[in-house]
Amino acid sequence: MPCAVGNTWRTTELGLLLVVANTAVNYDDALTCCCNNGGHLVRVDSVGVKTLFDQELDGSNDQLWIGGRRFDSNVSGFVFSDGTPITVTFWEAGEPNEEASCIRRVREYWKDRDCQQQYGFVCQRS
């Protein structure tokens, strides 16, 4: 899938980031694109990482998939793509509110959304 056409990896304090805001895909396609390019959807797992990530996107209003999803509405927690539970969250007020959902970044907060919706995304690799 030529999902990252026109985008390049850039070196950041978070490792390498590939911001793909010009291509809207569903969550699974975003995850596949990151894997095919040697990375994974960005993992925001601490206040420090969130601060650096927000600085990298510097006021972007793009809605972007990041790593994290819930597979079942009967399960209260979200997990990263490797299955690790997400314990530090940055939800916007009133979120999460979808039944089976994936995490997207809107401004500096998280919102959940049906995983079939299409947005840009952010990949990360060491």
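**Reading a predicted fold, starting at L16**

Student: Where is L16 found?

Tutor: L16 sits in strand β2. Keep in mind that we're reading a predicted model here.

Student: Is L16 buried or exposed, and how do I read the relative accessible area?

Tutor: The cut-off to have in mind is 20%: a residue under that value counts as buried. L16 has a relative accessible area of 19%, so it falls on the buried side.

Student: What is L16 in contact with, if I leave aside its neighbours within four places in sequence?

Tutor: Take a contact as heavy atoms within 4.5 Å. With those neighbours left aside, L16 touches W9, R10 and T11, and also C123, Q124, R125 and S126. S126 is a nice one to pick out: 110 residues separate it from L16 in sequence, yet the two C-alpha atoms are 6.0 Å apart in space.

Student: And for the protein chain, how many contacts join residues at least 24 apart?

Tutor: Start from the contacts between residues at least 6 apart in sequence; 65% of those link residues at least 24 apart.

Student: Let's zoom out. Which order do the elements run in from the N terminus?

Tutor: The protein chain goes β-β-α-β-α-β-β-β-β, a tally of two helices and seven strands. Its radius of gyration is 13 Å, close to the 14 Å that the globule rule gives for 126 residues, so the protein chain is as compact as a globular protein of that length. Along the principal axes, the C-alpha atoms fill a box of roughly 40 × 30 × 25 Å. Burial fits in here too: 44% of the 126 residues count as buried.

Student: Which residues are buried in helix α1?

Tutor: For a helix, look at which way the buried residues point. In α1, which spans residues 27-36, the buried ones are Y27, A30, C33 and C34. They cover an arc of only 125 degrees around the axis, which puts them on the same side of α1.

Student: What do the buried residues of α1 pack against?

Tutor: Several strands: β2 (15-25), β3 (40-41), β4 (63-70), β5 (101-106) and β7 (119-125).

Student: What is C3 in contact with, beyond its neighbours within four places in sequence?

Tutor: C33, which we just met in α1, is one of the contacts of C3; the others are V20, T23, N37 and F121. C3 itself lies in the segment before β1 (10-12) and is buried, at a relative accessible area of 3%. C3 and V20 are 17 residues apart in sequence, with 8.1 Å between their C-alpha atoms.

Student: Now the backbone. Which residues does a cis peptide bond join?

Tutor: Omega is the angle to check. Between E95 and P96 it's about -5 degrees, and the bond is cis. P96 is in the loop between β4 and β5.

Student: What about the phi of R107?

Tutor: R107 has a positive phi, about 55 degrees, although it isn't a glycine. You'll find R107 in the loop between β5 and β6 (109-113), and its 36% relative accessibility makes it partly exposed.

Student: Last one: how many Å apart are the mean positions of the positive and negative charges?

Tutor: For the 11 positive and 17 negative charges of the protein chain, those mean positions are 2 Å apart. As for the surface, about 6400 Å² is accessible, and carbon and sulfur atoms account for 45% of that.

Key. Residues are numbered from 1 along each chain as its sequence is written. This is a predicted model: local features need pLDDT of at least 70, side-chain atom pairs count only at pLDDT 80 or more; totals for chains, interfaces and linings use all residues. Side-chain values use heavy atoms; hydrogens and water are left out. Helices (H or I, at least four residues) and strands (E, at least two) are DSSP runs, numbered from the N terminus. The radius of gyration is taken over C-alpha atoms; the globule rule is 2.2 Å times the number of residues to the power 0.38. Buried means under 20% relative accessible area, exposed over 50%, partly exposed in between (1.4 Å probe, protein chains only). Accessible areas come from the Shrake-Rupley method with a 1.4 Å probe; for residues, only the protein chains shown count as cover. Lys and Arg count as positive and Asp and Glu as negative; His and the chain ends are not counted. The place of a charge is taken as NZ of Lys, CZ of Arg, CG of Asp or CD of Glu. The arc is that of the directions from the helix axis to the C-beta atoms.
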